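Good morning, and thank you for the time. I would like to take you through one structure, from its overall layout to a single residue at the end of my list.

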Amino acid sequence: MTQAIPELTVIATCYNEEENARPIYEAVTREITTSLPGYDYEILFIDNKSTDGTREILRAICAEDKHVKAIFNLKN
């Protein structure tokens with residue numbers, strides 16, 4: 001009998017967080033991989049129509065890490 005791998009989803013909402021998006025991603029990733037090494041995980045950013053560079057940063061993070069996904073709302 002195969003034991004299921006635990007799964008975890010972390011949801012982070014954001015609006016104009018270009019200075020914080022990558023540090024949040026790095027902190028959450030570090031915590032999960034350190035404290036929960038046996039877990040499969042995803043980090044889901046939900047952007048509420050940021051007007052700064054948040055969306056570009058989130059797109060870059062998603063391209064770098066298959067564990068990260070983003071939803072971009074069309075309106076705030």
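I shall begin with the chain as a whole, then turn to the strands, the helices and one chosen residue.

Please keep in mind that this is a predicted model. The protein chain contains two helices and three strands, and along the sequence these follow the pattern β-α-β-α-β. The C-alpha trace spans about 50 × 20 × 20 Å along its principal axes. Of the 76 residues in the protein chain, 26% are buried. Among contacts with a separation of 6 or more, 77% are between residues 24 or more positions apart.

Let us now look at the strands. Strand β1, residues 7-14, pairs with strand β2, residues 40-47, in the parallel sense, and eight bridges join the two. One of the places to look is Ala 12, whose bridge partner in β2 is Phe 45. On its other pairing, β2 runs parallel to strand β3, residues 68-72, over five bridges. Here Phe 45 stands opposite Ala 70 of β3. Phe 45 thus gives us a point of reference for both pairings.

How is the chain routed between these strands? From β1 to β2 it passes through helix α1, residues 21-35, and the three elements form a right-handed β-α-β unit. From β2 the chain then crosses through helix α2, residues 54-64, to β3, and this β-α-β crossover is right-handed as well.

I turn next to the two helices. The axes of α1 and α2 come within 9 Å and cross at roughly 30 degrees. Angles under 35 degrees count as roughly parallel, and therefore α1 is roughly parallel to α2. On the α1 side, the contact is made by Ala 21, Arg 22 and Tyr 25; on the α2 side, by Ile 57, Leu 58, Ala 60, Ile 61 and Glu 64. By class, this contact has six nonpolar residues, two charged residues and no polar ones.

Finally, I would draw your attention to Asn 76, which lies in the segment after β3. Is Asn 76 buried or exposed? Its relative accessible area is 59%, so Asn 76 is exposed. Leaving aside residues up to four places away in sequence, Asn 76 touches Tyr 15, Asn 48 and Lys 49. Measuring from C-alpha to C-alpha, Asn 76 is 15 Å from Ala 12 in space, while the two are 64 residues apart in sequence.

Thank you for your attention.

Definitions and conventions: Residues are numbered from 1 along each chain as its sequence is written. This is a predicted model: local features need pLDDT of at least 70, side-chain atom pairs count only at pLDDT 80 or more; totals for chains, interfaces and linings use all residues. Side-chain values use heavy atoms; hydrogens and water are left out. Two strands pair if DSSP finds at least two bridges between them. Helices (H or I, at least four residues) and strands (E, at least two) are DSSP runs, numbered from the N terminus. A crossover is right-handed if, with the strands pointing away from the viewer, the path from the first strand over the helix to the second runs clockwise. Axes are lines fitted to C-alpha atoms, for helices over the stretch in contact, and angles run from 0 to 180 degrees between N-to-C directions. Angles under 35 degrees count as roughly parallel, over 145 as roughly antiparallel, 65 to 115 as roughly perpendicular and the rest as oblique. Contact means heavy atoms within 4.5 Å. Ala, Val, Leu, Ile, Met, Phe, Trp, Tyr, Cys and Pro count as nonpolar, Asp, Glu, Lys and Arg as charged, and the others, Gly among them, as polar. Buried means under 20% relative accessible area, exposed over 50%, partly exposed in between (1.4 Å probe, protein chains only).
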